[in-house]
Amino acid sequence: MDNLKSVLIIGGGMITHDQLLPSVWQMQRNGRVGKIAVSAYRYSDLGTLAGSGTLREAFPDRSFDWWPAHDGPPQSELYREAIASLPPGNIVMAAVPDQLHFDVVMAALEHDQHVCCVKPLVLRYSQAQEIERVAHERGLVVGIEYHKRFDDRSLMARRKYRAGLFGDFRLGTACLMEKWYYRHSNFQNWCTTENSDAFAYIGCHYVDLVAFITGLEPAAVSVYGIRDRYPNGNLGFLWTDARIIWNNGAALNVQNSLSFPDAAPGPNTQGLTMYCKGPDNGALLDHSDQYRGLKYSYTRASGDPGSTVYAEPSPDYFQYLDLGGPGLVPVGYGYRSVEFILSNCLRVAAEPDLAKRQAMLRELDTQGIMATPANSSYNERLLEAARKSILNGGVQVSVEPA
């Protein structure tokens, strides 16, 4: 294991618990990566993560190094020390609030680490350009974890659309409403009006997905946001309605919120519908990304946030399966996304020649399966315009061209 690449996760919150840490542990279990560490703002966050019953059941024989290693006051800059402790050529995963992504990613690149960053990469195009420039100069991978790309439905739709079987996208709708209990999570401390909003954090999934499927890019956006209070009193745009105009004139409406009832049977409600124009007929793409035909009624609720006695769970994003132990095996496109990005990091890291690594980066950019700063900057350009729109009452704002 000492010869394998180490992985450092910056951030000990929900996405680390639900997807990132178990995915990396599974890769460690499979002999793909070596030591794993997690750096968090508070020591107590690491204690909660390490003590998770779900993670302990799935990975009873796994552990991670703690940053900080001892209790004390919160340390907002400790991640820099954690990154500096890694020899060059390892992997840093950025899983912090949106407005902190740039600092974490740049700190990793400056210490010659490959990067997997949760979406969105950053909220400003100039920052995405800076990340792209430095990563290319140093021959380092930066993969953005838009996990919906690795849903088989998305990959099927991309292949069929680009083969011409859907014609041209004209009108579409998408929604992703997260459960009400998100308001009681750490979201209330950072996803506030001055930093982000429901569209920037949640809706970016479907903007990226439409671009991923069609190859189109957004040309203009308007986002109307409704301000609402979190339980701690902070103000956030917890309800958003966006309209994206694409560079072929098509329009996509995206609605997002932290409002799906905790008593509702699914983990959220989400989906994408696209109406398209063929040579002399119409075409339709309709993905229900919430319920996939499972209907369960348990004897009791599990006690997890948002759990219900009657449930309609999704088997596709991230689930644990018992395949004979020890522990459980994570499956789904959430795992596949992390595994794909880290596999590319490992492949590029194994090449000692800078020019060859840079050529490998250009190949990843061209393939377009994994989101990179070079091939998905439409996300940052759109989000920068979207923030201008939502802060000005929903006016339409042009998206800066690349």
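How far apart are the end C-alpha atoms of helix α10 (residues 333-349), and what should its 17 residues span at 1.5 Å a residue? Select α10: the expected span is 24 Å (1.5 Å times one less than the number of residues), and the end C-alpha atoms are 24 Å apart, which agrees. Helices here are DSSP runs of H or I with at least four residues, strands are runs of E with at least two, and both are numbered from the N terminus. Of the 17 residues of α10, 13 are buried, so this helix is largely enclosed by the rest of the structure; buried means under 20% relative accessible area, exposed over 50% and partly exposed in between, with a 1.4 Å probe and protein chains only.

This is a predicted model, in which local features need pLDDT of at least 70 and side-chain atom pairs count only at pLDDT 80 or more, while totals for chains, interfaces and linings use all residues. Residues are numbered from 1 along each chain as its sequence is written, and side-chain values use heavy atoms, with hydrogens and water left out.

Next, select L109, F169, F199, I244, W246 and L272, which touch the most other members of the largest nonpolar core, a set of 79 residues. A nonpolar core is a set of buried Ala, Val, Leu, Ile, Met, Phe, Trp, Tyr and Cys residues joined through side-chain atoms within 4.5 Å. Helix α9 (residues 198-214) gives this core its largest share, 13 residues. A second, separate core has 37 residues, including V24, W25, M27 and V338.

Stay with α9 and add helix α7 (residues 152-162): their axes come within 7 Å and cross at roughly 45°. Axes are lines fitted to C-alpha atoms, for helices over the stretch in contact, and angles run from 0 to 180 degrees between N-to-C directions. The two helices, α7 and α9, are therefore oblique to each other; angles under 35 degrees count as roughly parallel, over 145 as roughly antiparallel, 65 to 115 as roughly perpendicular and the rest as oblique. Among the residues making the contact (heavy atoms within 4.5 Å) are L155 and Y161 of α7 and F212 and I213 of α9.

Finally, turn to the backbone. Most residues other than glycine have a negative phi, and most peptide bonds are trans. A cis peptide bond with omega of about 5° joins W67 and P68, and P68 lies in the loop between β3 (65-67) and α4 (78-84). Another cis bond, with omega of about 5°, joins G325 and P326. D112, in the loop between α5 (101-110) and β5 (114-118), has a positive phi near 60°.
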